[in-house]
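Trainee: Could you go through this structure with me and show how each label is earned? I'd like to see the cut-off behind every word.

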Amino acid sequence: MTEKSAQLTLGETTLDLPIYSGTIGPDVIDVGKLTAEGVFTYDPGFVSTAACESKITYIDGGKGILLHRGYPIDQLADNSDYLEVCYLLLYGELPNAAEKEKFESTINNHTMVHEQLRGFYHGFRRDAHPMAIMCGVVGALSAFYHDSLEISDERHREIAAFRLIAKMPTLAAMCYKYSLGQPFMYPKNNLSYSENFLQMMFGVPCEDYEVNPILAKAMDKIFILHADHEQNASTSTVRLAGSSGANPFACIAAGIAALWGPAHGGANEAVLDMLTEIGDVSNVDKFVAKAKDKNDPFRLMGFGHRVYKNYDPRAKVMRETCHEVLGELGIKDPLLELAMKLEDIARSDSYFIEKNLYPNVDFYSGIILKAIGIPTSMFTVIFALARTVGWVAHWHEMISGSYRIGRPRQLYTGSPQRDFVPLDKR
Ligand code: SDX
């Protein structure tokens, strides 16, 4: 990091605050010495705050750029596969053939879950939201894998990463099977990661399941597009939980909980619900007006982003994939037409233009998931499944380096100190 500084004058004191430069992207100002001066920075929502240093993912919100270890997301989506992207995110380089084969075989050999875990599902109602189940069962993994909880041990961290990446598809598919009252399907190690997930989702024990290669490829691309995204809310949650020394399974469960919100990963489910509610192009103007109305809590789900003030590069790939998959499957989904019309109208409206509101990763993903046959309630589970590698990579990066427990401060606007008032005097 280079020697630059920013001057901050506080009363009679002028402070020299170090400025650090990264490889690319904005410089950061180290404000660590402010506490000694009796002041804090104030940045609700962390709009202007870099909470850590990282080498994993870079986003340029103004240019709509997303790099994973330097590789552009569209190149990875077009040329790579999800497990290869997992390797890249975890180890920093694309694997050679031998490394790739070993990694795939390692993941394949961790896809089963402990038989006792199946019992956790039966404690839920059949109509439980699958994200509620995922919060529970992923956290519960820490009760089964005592041999990979010593976070200071590099090998424990690596095994925990393998287990989480490998078991998320199995746990996710079990949520769907449980909701149907169908038997859980075991993973099949002769299938690819995405093929395996589809057969666990849609296969049944009484007949062989033929994986549709178009759907498997689309599933894999969706996993790639959701794999990681810098310090988003759920990844920051995983880092904060990890900073206390919590075990990786508990940290990922915390990330799943944070992702569930409709402002974050829950948006893909909310987009489909919104498109279904809009129903027809003739209603678009009414909903766009609602989205612009300050007094109406309605927002155009799948639009806007804290960082992207340009087209989310993942949304571009997602939209192209929508056309490819629906075309190859011969599906004409009116919701796709509706989504594209909604995008056109919104993007020509001054409100959305001035606020730089573009479609984000969630705007088109649900249409592909629907074409694959995945129910809306499972959309955020798919997001959590894919994002697990990003969460684990950031957790591993933090724990492998020097870190302190995350402990933000506050601007206190409550009551000054006062004495207790006995009940008979109130
Ligand atoms: C994800 O962080 C990540 O990287 C997340 C993610 C990842 O991969 O991890 O990319 C995944 O979470 C994508 C975002 C999914 N969420 C949605 O699609 C929900 C709808 N979008 C919004 O709620 C909103 O855009 C956020 C939450 C995504 C971003 O919120 P910000 O950065 O806090 O922006 P904001 O709410 O301050 O909005 C800025 C302005 C506001 O108007 P003003 O107060 O300035 O007048 O834009 C308006 C907002 O009212 N606005 C919208 C809008 N999004 C923002 N108005 C209508 N519809 C919208 N969708």
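Mentor: Let's go label by label, with the ground rules up front. This is a predicted model, where local features need pLDDT of at least 70, side-chain atom pairs count only at pLDDT 80 or more, and totals for chains, interfaces and linings use all residues. Residues are numbered from 1 along each chain as its sequence is written, and side-chain values use heavy atoms, with hydrogens and water left out.

Trainee: What makes β1 and β2 a pair?

Mentor: Two strands pair if DSSP finds at least two bridges between them. Here 7 bridges join β1 to β2 (residues 13-20), so by that definition they pair, and they run antiparallel. One of the bridge partners is Pro18 in β2, which matches up with Ser5. By the way, strands (E, at least two residues) and helices (H or I, at least four) are DSSP runs, numbered from the N terminus.

Trainee: Why are β1 and β3 called edge strands?

Mentor: The open sheet has 3 strands in the order β1-β2-β3, with antiparallel pairing. β1 (4-10) and β3 (28-29) each pair on one side only.

Trainee: How many bridges link β4 and β5?

Mentor: β4 and β5 (residues 65-68) pair in the antiparallel sense over 4 bridges, and Asp60 stands opposite Ile65 in β5. The hairpin has 4 residues between the strands, and Gly64 there takes a positive phi near 65 degrees.

Trainee: What makes both faces of β4 count as covered?

Mentor: Buried means under 20% relative accessible area, exposed means over 50%, and partly exposed is in between (1.4 Å probe, protein chains only). In β4 (residues 57-60), Thr57 and Ile59 on one side and Tyr58 and Asp60 on the other are all buried.

Trainee: Why is Ile24 called partly exposed?

Mentor: Its relative accessible area is 48%, so Ile24 falls between the two limits and is partly exposed. Ile24 sits in the loop between β2 and β3. Leaving aside neighbours within four places in sequence, Ile24 is in contact (heavy atoms within 4.5 Å) with Tyr58 and Leu67.

Trainee: How do you know that Lys221 and Asp78 form a salt bridge?

Mentor: The definition asks for a side-chain nitrogen of Lys or Arg within 4 Å of a carboxyl oxygen of Asp or Glu. For Lys221 and Asp78 the N to O distance is 3.9 Å, so the pair qualifies. Lys221 lies in helix α8 (residues 213-225) and Asp78 in helix α1 (residues 73-79), so the pair ties together parts that are 143 residues apart in sequence. Asp78 and Lys221 are also linked with Glu324 in a network of salt bridges.

Trainee: Are those two partners buried or exposed?

Mentor: One of each: Lys221 has 7% relative accessibility, so it counts as buried, whereas Asp78 is exposed at 51%.

Trainee: What puts Asp147 and Arg163 on the salt-bridge list?

Mentor: Their closest N and O atoms are 2.8 Å apart, so the pair meets the cut-off. Asp147 lies in the loop between α5 (130-140) and α6 (154-180) and Arg163 in helix α6, so the bridge ties together parts that are 16 residues apart in sequence. Arg163 is buried at 9%, while Asp147 is partly exposed at 43%. Another salt bridge joins Asp127 and Arg125 at 2.6 Å, N to O; Asp127 is exposed, and so is Arg125. The count by this rule comes to 20 salt bridges.

Trainee: What makes a set of residues a nonpolar core?

Mentor: A nonpolar core is a set of buried Ala, Val, Leu, Ile, Met, Phe, Trp, Tyr and Cys residues joined through side-chain atoms within 4.5 Å. The largest one has 124 residues, and those with the most contacts inside it include Tyr82, Phe197 and Met219. Leaving aside neighbours within four places in sequence, Met219 is in contact with residues including Ser194, Phe197 and Ile374.

Trainee: Last one: which residues of helix α9 are buried, and what do they pack against?

Mentor: In α9 (residues 233-243), the buried ones are Ser234, Thr235, Val238, Arg239, Gly242 and Ser243. The buried residues of α9 pack against α10 (248-259) and α17 (379-400). After α9 comes Gly245, whose phi is positive, near 95 degrees.
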